[in-house]
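Biologist: Got a minute to walk me through this one? I'd like to go over a few spots together.

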Amino acid sequence: MAAAAAPAGPGGGSGQHKHTNRLAQEESPYLLQHAHNPVDWYPWGEEAFERARRDNKPIFLSVGYSTCHWCHVMERESFENEETAALMNELFVNVKVDREERPDVDKVYMAYIQATEGGGGWPMSCFLTPSLDPFFGGTYFPPADSYGRPGFKTVLRKIAEVWEGKQDEIKAASGRSMEQLGQLMKPEPSEESLSAEQQGRAIDNCVRQLASRFDARLGGFGAAPKFPRPAEINALLAQHARLAAARDAEGAARVLHMAMHSLRRMAAGGMYDHVGGGFHRYSVDEHWHVPHFEKMLYDNPQLASTYLAAFQVTGDAHFAGVARGVFDYLLRDMTRPDGGLYAAEDADSLDPASGEKKEGWFYVWSQSEIEELLGSDAHLFCAHYYVKPGGNCDLSQRSDPHHEFVGLNCLIERQSLADTAKAAGRSEEETAELLAACREKLFRAREGRPRPHLDNKVVTAWNGMAISAYAQAARALAHEQPPARRLFPVEARPRQEYLLAAQKVAAFVSEHLYDSSSGRLRRAFTRGPSNVQGFADDYAYTIAGLLDLYFADGEVKHLQWALELQGRMDELFWDAQHGGYFNNAGDDPSIKMRLKEDYDGAEPAASSIAAANLWYLAGLSGTEEAARLRERAAQCSAAFAERLEQAPIALPQMAASLHLLMLGHPRQVIIAGKRGAPDTEALLDAAFRSHTPDKVVIHLDPADQELMDWWRSRNPEAVMVVEATGFEAGEPATAFICQNFTCQAPTTSPDKVKEILARPRTGGPKPAPVTLPAGLSKSKA
């Protein structure tokens, strides 16, 4: 049975391909990749469900994403195979889902796979009844039986055989299984709020668990594979602030060491793309060396924000340089002309010699290639980046278990710049410039290679992350000393370019991913906006981005939109019974369970981000509204009381948010002056010298009557602070810094602003001491 023909769509036409199915009409790049399979694919929706009910066939659900290596493998082996496709088309209604576009579908059936199989991953393969209840599932299936494992065709035949003979039993059992899973996933009754002791204990225990897993030699937490998880570093920075405020200098140094050592080792490893900037998904070995080579948008802005925070805490320009490398990669390779950021770059790329796609081929080098490109500079470069004739993927048995990179090198800094300079008899500055020139030569050569596939989908949540990171950079990078130099892939752009980038991303989301008539966000945009409505994380990250953008540029329209989105998020996702935010809005009957994310993984949970958003919005609001918002923030965190008690390491971003809630109220930094004037800008820059996530910035310009009237209605107390001093338009820009209902003396001095905000804040119980692995008790960052 041939795949059903569909009219030629933008993804390709039936005149150019032997097969074209319904996916050709979709927006998702992942679905479009499968538009010319011989499989009669349906997108998730009523057309597929009605067909399954009418024909009384089980549904085969295949979930993946466009840069997923094993998804590509299963497509080549099974979905492009005519015999396999004919079997699928005869026996099943076949549905393809992009997990990045439909995380609601993915999470429901991944919960089933994990509950029944003990693990999960992608591609996810799940068999459903026509009523959408799962009854069998797994991940990747090989094409044929091997090593005692059934091949995909065997699985298809067995499932069809069982369905034919026992479908009534299957329907009843699968329905019961979903009911039981729904009960298991049902939120537990929660407290209205966590006490200060509970909040402090959750942070302490999260950090204690991280310390027990800390890799003292190589950085990071736990064994290989190693994932960059910025939320873990954020929790450590929160605990560092608590310990510093408690005057436990040694404890603060221990915690800071864990964070900074991990960040340095991550940036030195091959997981960071030394030639082009940006981070790959994760490291397959314990050295942060050989990565899984895909580059995901959700990783890079979060990492950039965390490296900026490290720069603010330590003053070490190295961290600012890493952040710049990420930003410049995003601007160069991942940004649409109209501002939105693409979702991902694939791990696989074409090896022209074999004609096959191979993982990492775009990024690795033979020593002879490097010597040919760099000439006399190759020796210094190879020494610095551990380049060897036989290849360098030999640091661990995990680095290249299948011997795919024999003779090839994945660049890693195995010696310091100082050591490289000393060995070469050069200054560090001269060596840094030479290495940068070499990297740029390799980059130009690499641009001639076949590039990895680009997933050009624009995901709302991930673009919200980018708005935050760019906006933070626009202020934090004012304090680079010495000023940034162009050391490729760092371009040394004026920091204002990052502010412009943040503004363009926000404008893109507003124009293409927001329906002003309904007040709702869309999930994604490719050739046009997706039909899929936004999820809780889309709202949480967009609100966070808009808040950071308002703090950076003072455009009150960003704050006004953030307030509107927060109201909509509360309407759509808030769990009125138990607190916290559901992942989805609950208005799609095809989603069998309404789940609430309780894990801060690669993408921290919406509730972990929302708790902080609500706290910041409270700091920007008048007394009555502020109390309501703080209460909601408290309820949001209390919804995860059991998880925070049993496994706080699962929620490190929530732990960082709890630190804010423990402080009671944000510090209000009110800058009164003409927007964009040099003295106003100087005060704003000063407010971002220290890492002070416990502040909000309010921009007031007495010459702008409309702005002042809006603030009188939103936060009359903030306006009164300024007006009580008699401040008038035209006077030098002045900062008013208030904390716990007490305001410092107004100041026009940027240095004074820096000094005030650098003072640690106390709040809540004294933090618990932290113990590191033996030999590191005196270590410093």
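**Helix, sheet, cavities and odd backbone spots**

Modeller: Sure, and let's begin with helix α17: its 17 residues, 496-512, should span 24 Å at 1.5 Å a residue, and the end C-alpha atoms are 24 Å apart, which agrees. Keep in mind that this is a predicted model.

Biologist: Which residues of α17 are buried?

Modeller: Y498, L499, A501, A502, V505, A506, F508 and V509. As a rule, residues three or four places apart in an α-helix point the same way, because there are 3.6 residues a turn.

Biologist: Anything odd about the backbone in the loop between α16 and α17?

Modeller: That loop holds P482, and the peptide bond from Q481 to P482 is cis, with omega near -5 degrees. There is a cis bond from W122 to P123 too, with omega near 10 degrees. P123 sits in the loop between α5 (103-117) and β4 (124-128).

Biologist: What about W288, what's its phi?

Modeller: Near 60 degrees, so a positive value in a residue that isn't glycine. Most residues other than glycine have a negative phi. W288 is in the loop between β6 (282-283) and β7 (291-292).

Biologist: Is W288 buried or exposed?

Modeller: Buried, because its relative accessibility is 2% and the cut-off for buried is under 20%.

Biologist: And H403, buried or exposed?

Modeller: H403 is exposed, at 59% relative accessibility. H403 also has a positive phi, about 55 degrees, although it is not a glycine. You'll find H403 in the loop between α13 (378-384) and α14 (417-424).

Biologist: Switching to sheets. What's the strand order in the open four-stranded one?

Modeller: β18-β17-β19-β20, with mixed pairing. The edges are β18 (695-700) and β20 (742-743), each with a single partner strand, so one side of each has no neighbour in the sheet.

Biologist: How do β17 and β18 run, parallel or antiparallel?

Modeller: Parallel, joined by six bridges. Q668 stands opposite V696 in β18. On the other pairing, β17 (667-672) and β19 (734-739) are antiparallel over five bridges, and I671 has A735 of β19 as its bridge partner.

Biologist: How many residues of the edge strand β18 are buried?

Modeller: Six of its six. Both faces are covered, with K695, V697 and H699 buried on one side and V696, I698 and L700 buried on the other. In a regular strand, side chains alternate between the two faces of the sheet.

Biologist: Where's N613, and what is it in contact with?

Modeller: N613 is in helix α20 (606-619), and it is buried, with a relative accessible area of 3%. Beyond neighbours within four places in sequence, N613 is in contact with A540, I543, A544, L547 and Q566.

Biologist: OK, cavities. How many of 30 Å³ or more are there?

Modeller: Two. The largest holds about 80 Å³ of space, and its lining has seven nonpolar, three polar and two charged residues. Among the lining residues are D273, H274, H280, F293, Y363, W365 and R446.

Biologist: And what lines the second largest cavity?

Modeller: P103, D104, K107, V108, N583, N584, I591, M593, R594 and L595. They divide into five nonpolar, two polar and three charged. The volume of that second largest cavity is about 30 Å³.

Conventions: Residues are numbered from 1 along each chain as its sequence is written. This is a predicted model: local features need pLDDT of at least 70, side-chain atom pairs count only at pLDDT 80 or more; totals for chains, interfaces and linings use all residues. Side-chain values use heavy atoms; hydrogens and water are left out. Helices (H or I, at least four residues) and strands (E, at least two) are DSSP runs, numbered from the N terminus. The expected span of a helix is 1.5 Å times one less than its number of residues. Buried means under 20% relative accessible area, exposed over 50%, partly exposed in between (1.4 Å probe, protein chains only). On a 1 Å grid over the protein atoms alone, a cavity is a set of points where a 1.4 Å probe fits but cannot get out, and a pocket is an open set with protein on both sides within 12 Å along at least five of seven lines; lining residues have an atom within 4 Å of a point. Grid points are joined across faces, edges and corners, and a volume is the space filled by probe spheres set on the points. Ala, Val, Leu, Ile, Met, Phe, Trp, Tyr, Cys and Pro count as nonpolar, Asp, Glu, Lys and Arg as charged, and the others, Gly among them, as polar. Two strands pair if DSSP finds at least two bridges between them. Contact means heavy atoms within 4.5 Å.
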